[in-house]
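Student: I've got a structure to look at and I'd like to learn how to read it. Can you walk me through?

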Amino acid sequence: MAKHDKAGKSGKDSKPAAPDIATQLGLKPGQSIELLKALHILTREGKLNQDSRRKLKQVYHLYQFIEPLLKELGADGHAVTLADHGAGKSYLGFILYDLYFKASGQGSIYGIETRAPLVEASQKLAAELGFERMEFLNMSVAESTHVDFMPARFDVVTALHACDTATDDAIAFGLEKKAKAMVLVPCCQAEVAACLRQTKALSLTRTPLAELWRHPIHTREIGSQITNVLRCLYLEASGYQVTVTELVGWEHSMKNELIVARYTGHKKRAAAERLQQLLAEFGLEALAQTRFKLPEQPAAAQAQA
């Protein structure tokens with residue numbers, strides 16, 4: 001008996017099973033290995049280099065915020081529509097489709113990107129994979145807002161590292177399309193910094209706060225910070241509940257701010273007032289008629305706010 005036990009322990013069945021490649025790489029359940037290879041996140045041999053690991057970590061972290069929104073919006077059988085602005089190589093869109101939309105059997109993703117070669121490559125890959133409910137459009141975010149072949153409404157709007165004012169265009173798109181949720185990772189905010197530079201001399205004579213952006217490097221940093229604060233107030237004034245957090249650790253990306261906005265319908269008058277006050281304080285009043293223009297509220301609505 002003892003001899004039999006010894007043989008059993010040394011037999012083939014007693015060896016621990018080798019973890020599969022998905023487990024080894026920390027992939028999400030159901031994630032297609034072939035998709036990741038097609039996106040060049042994995043090598044042909046199924047390896048993950050440091051740069052690809054960083055990209056995948058960002059997309060997976062973003063997915064953790066988006067998946068609950070998709071499940072909530074699609075809970076009653078509703079076919080969720082999602083617009084991914086500044087799609088680039090569409091890492092986010094393809095992984096969202098692979099992990100959620102494919103299994104749900106309904107819903108669609110529209111990737112909007114200005115670089116034609118990237119759009120063509122995404123269209124080809126979607127066709128090869130049979131991802132029939134993915135569309136890719138070669139146009140700017142602003143242009144996509146008003147084309148007549150797009151759905152009149154979108155449930156979710158995403159923008160991962162949409163550069164400079166493209167994030168503002170994504171917000172405008174979301175407002176126009178009555179989006180239930182927006183998930184935004186701003187990048188390279190330059191517009192407000194340029195405005196601060198233009199009015200720097202006047203601001204220095206008017207307020208000591210201008211010392212915050214007197215030096216060029218501070219102008220860029222404070223401009224980026226102000227931009228995102230204004231965006232959050234604008235969203236709150238437009239009826240959204242806003243959460244701001246990190247996308248991933250700072251060691252992975254310096255453009256790391258994640259803004260998640262969910263529509264509640266409660267337009268905060270205090271947010272609208274603070275928005276106007278900050279624009280005036282920083283000499284950015286011109287933006288109140290462009291990027292951060294709020295509709296006039298009826299007197300009755302103002303009284304209730």
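Tutor: Sure, and let's begin with handedness: a crossing of two helices is left-handed if the near helix is turned anticlockwise from the far one by less than a right angle, and right-handed if it is turned clockwise. Keep in mind that this is a predicted model.

Student: Okay, which handedness does the crossing of H4 and H5 have?

Tutor: H4 passes H5 in a right-handed crossing. Here H4 covers residues 50-73 and H5 covers residues 91-104.

Student: What else do I need to describe two packed helices?

Tutor: Two things: the angle between their axes and the distance between those axes. For H4 and H5, the axes come within 10 Å and cross at roughly 50 degrees. The two helices are therefore oblique to each other.

Student: Which residues make that contact between H4 and H5?

Tutor: On the H4 side they include Leu56, Val59, Tyr63 and Ile66, and on the H5 side they include Leu92, Ile95, Leu99 and Phe101. Sorted by class, the contact of H4 with H5 has 14 nonpolar residues, no polar ones and 2 charged ones.

Student: Let me try another pair. At what angle do H11 and H12 pack?

Tutor: Helix H11 (residues 216-237) and helix H12 (residues 269-281) pack at about 150 degrees, and their axes are 8 Å apart. Angles over 145 degrees count as roughly antiparallel, so that is how H11 runs relative to H12. H11 passes H12 in a left-handed crossing.

Student: And which residues touch there?

Tutor: From H11, the contact is made by Val229, Leu230, Leu233, Tyr234, Glu236 and Ala237. H12 brings Ala271, Ala272, Arg274, Leu275, Leu278 and Leu279. By class, the contact of H11 with H12 has 10 nonpolar, no polar and 2 charged residues.

Student: Does H11 have another partner I can practise on?

Tutor: Try H8, residues 166-176: H8 and H11 pack at an angle of about 5 degrees, with axes 12 Å apart. H8 and H11 are therefore roughly parallel to each other. Thr167, Asp168, Ile171 and Leu175 of H8 meet Arg231, Tyr234 and Leu235 of H11. That contact of H8 with H11 has 4 nonpolar, 1 polar and 2 charged residues.

Student: Now the strands. In what order do they lie in the sheet?

Tutor: To read a sheet, follow which strand sits beside which. This one is an open sheet of 7 strands with the order S3-S2-S1-S4-S5-S7-S6, and its pairing is mixed. The edge strands are S3 and S6 (240-246), each pairing on one side only. From one strand to the next, the twist averages 15 degrees.

Student: Which strands run parallel, then?

Tutor: Take S1 (residues 81-85) and S4 (residues 156-163): they run parallel and are joined by 4 bridges. Alanine 83 stands opposite valine 157 in S4. Another example is S2 (residues 108-113) with S3 (residues 134-138), which pair in the parallel sense over 5 bridges. Tyrosine 110 stands opposite glutamate 135 in S3.

Student: And where do I see antiparallel pairing?

Tutor: S5 (residues 181-187) and S7 (residues 257-263) run antiparallel, joined by 4 bridges. Valine 183 stands opposite valine 260 in S7. S6 and S7 also pair in the antiparallel sense, over 7 bridges. There, the bridge partner of valine 242 is alanine 261 in S7.

Student: Last one: what unit do S2, H6 and S3 make?

Tutor: Trace the chain from a strand, through a helix, to another strand. S2, helix H6 (residues 116-129) and S3 make a right-handed β-α-β unit. H6 lies across S2 and S3, running at about 165 degrees to S3.

Key. Residues numbered from 1 in each chain as written. Predicted model: local features only at pLDDT ≥ 70, side-chain atom pairs only at ≥ 80, totals over all residues. Heavy atoms only, no water. Axes fitted to C-alpha atoms, helices over the stretch in contact; angles between N-to-C directions. Parallel < 35°, antiparallel > 145°, perpendicular 65-115°, else oblique. Contact = heavy atoms within 4.5 Å. Nonpolar A, V, L, I, M, F, W, Y, C, P; charged D, E, K, R; others polar. Pairing = 2+ DSSP bridges. Right-handed = clockwise from strand over helix to strand, strands pointing away.
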